[in-house]
Amino acid sequence: MLGFVEFLKTKDCAPRTIRNRVDYFQIFLHHFGLPSILKGKDLPTYTEKKVRAYSPIDLGKMFSHADLEESDRLHFLLCTSTREQEAQYACWSDIDLDAKTYTITEHFDLGYKPKDAEEGTIPIPSFLVDILRARRERYPLSRLVFPTADNKPDGHLLRIVKSLGLRAGLNCGHCVNKAGKSCETHPVCKQVILHKRHTAWSALKARCLSMLRCSESMGI
């Protein structure tokens, strides 16, 4: 098991990922009444990361630089707190605009299975319902909520968010990816991610800030 831990390190697995793999195997052992192999100091350690969140001001900047398609995607991610794949494979059949809910469901024919094989229903705010109603009018025949031009699942949601972060001036300017690109000039900033926590209330405040900026720029 210690050798397996070292092997995972050579594959650049994060400390939390390594610990999870060890824990999964030991749970398997416990299922059959066998003791843990690693204990105490032998267990891989990791740093518990602090939950990060976008501020309403940062979100307002992103919305002010977003076009309609980007804005729709950003609103959906904010108001549902879904993972990238969940939003990528979201279908109109998953959304009940009258009940104001979005249900994460398996779409086997599209090759999508929810993480941990768990389906669940999420309430969505009224302003997202309005956004989705308008979107449905623009895409009356599509199965997917966010299809590509050829009606395939949009697998570039993270790229869209990172692009907005760059245009909105949110990049830290210090990140450099494996290809040598700096986040000062490219959408590769590690601070602009999908997994920052966010809420529908944050999205609403961000929309208000964005509208205020637009009004000020127009002299209203």
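The following questions and answers walk through a predicted model.

Trainee: Which residues have the most contacts inside the largest nonpolar core?
Mentor: Nonpolar side chains tend to be buried together in soluble globular proteins. The largest nonpolar core here has 40 residues. The elements giving two or more residues to this core are α3 (56-65), α4 (68-80), β2 (101-104), α6 (126-138) and α7 (157-167). Those with the most contacts inside the core are Met-62, Phe-76, Ile-95, Tyr-102 and Leu-132.

Trainee: How many residues does the other core have?
Mentor: That core lies apart from the largest one. Among its residues are Val-5, Val-22, Leu-38 and Leu-43. The number is 6 residues.

Trainee: Which strands stand at the edges of the sheet?
Mentor: The sheet is open, has 3 strands and is ordered β1-β2-β3, with antiparallel pairing. An edge strand has a single partner strand, so one side of it is left without a neighbour in the sheet. The edge strands are β1 (95-96) and β3 (120-123).

Trainee: Which residue stands opposite Tyr-102?
Mentor: Tyr-102 is in β2. The strands β1 and β2 run antiparallel, joined by 2 bridges. Opposite Tyr-102 stands Ile-95.

Trainee: Which residue in β3 stands opposite Ile-104?
Mentor: β2 and β3 pair in the antiparallel sense, over 4 bridges. The residue opposite Ile-104 is Gly-120.

Trainee: Are the side chains of Thr-101, Tyr-102, Thr-103 and Ile-104 in β2 buried or exposed?
Mentor: In a regular strand, side chains alternate between the two faces of the sheet. In β2, Thr-101 and Thr-103 point one way, while Tyr-102 and Ile-104 point the other way. Beyond its neighbours within four places in sequence, Tyr-102 is in contact with residues including Phe-76, Ala-90, Ile-95 and Ile-122. All four of these β2 residues are buried.

Trainee: Which residue in the hairpin of β1 and β2 takes a positive phi?
Mentor: The hairpin has 4 residues between its strands. The phi in question is near 60 degrees. The residue is Lys-100.

Trainee: Is Leu-29 buried or exposed?
Mentor: Leu-29 is found in helix α2 (residues 15-31). Leaving out residues up to four places away in sequence, Leu-29 touches Leu-34, Pro-35 and Ile-37. Its relative accessible area is 9%, below the 20% cut-off. Leu-29 is therefore buried.

Trainee: What is the accessible area of the nonpolar patch that includes Leu-34?
Mentor: Leu-34 is found in the loop between α2 and α3. At 44% relative accessibility, Leu-34 counts as partly exposed. Its partners in the surface patch are Phe-25, Phe-28, Phe-32 and Ile-37. Together the patch residues have about 500 Å².

Trainee: Which residue forms a salt bridge with Arg-167?
Mentor: The closest N and O atoms of the pair are 2.9 Å apart. Arg-167 lies in helix α7 and its partner in helix α4, so the pair ties together parts 97 residues apart in sequence. Arg-167 is partly exposed at 35% relative accessibility, whereas the partner is buried at 12%. That partner is Glu-70.

Trainee: What is the relative accessible area of Arg-135?
Mentor: The side chains of Arg-135 and Asp-72 meet in a salt bridge, at 2.8 Å from N to O. The pair links helix α6 with helix α4, 63 residues apart. Asp-72 counts as buried at 4% relative accessibility. Arg-135 is also buried, and its value is 0%.

Key:
Residues are numbered from 1 along each chain as its sequence is written. This is a predicted model: local features need pLDDT of at least 70, side-chain atom pairs count only at pLDDT 80 or more; totals for chains, interfaces and linings use all residues. Side-chain values use heavy atoms; hydrogens and water are left out. A nonpolar core is a set of buried Ala, Val, Leu, Ile, Met, Phe, Trp, Tyr and Cys residues joined through side-chain atoms within 4.5 Å. Buried means under 20% relative accessible area, exposed over 50%, partly exposed in between (1.4 Å probe, protein chains only). Contact means heavy atoms within 4.5 Å. Two strands pair if DSSP finds at least two bridges between them. Patches are made of residues with over 30% relative accessible area and no salt bridge: like charges are joined within 9 Å, nonpolar side chains (Val, Leu, Ile, Met, Phe, Trp, Tyr) within 5 Å. Accessible areas come from the Shrake-Rupley method with a 1.4 Å probe; for residues, only the protein chains shown count as cover. A salt bridge is a side-chain nitrogen of Lys or Arg within 4 Å of a carboxyl oxygen of Asp or Glu.
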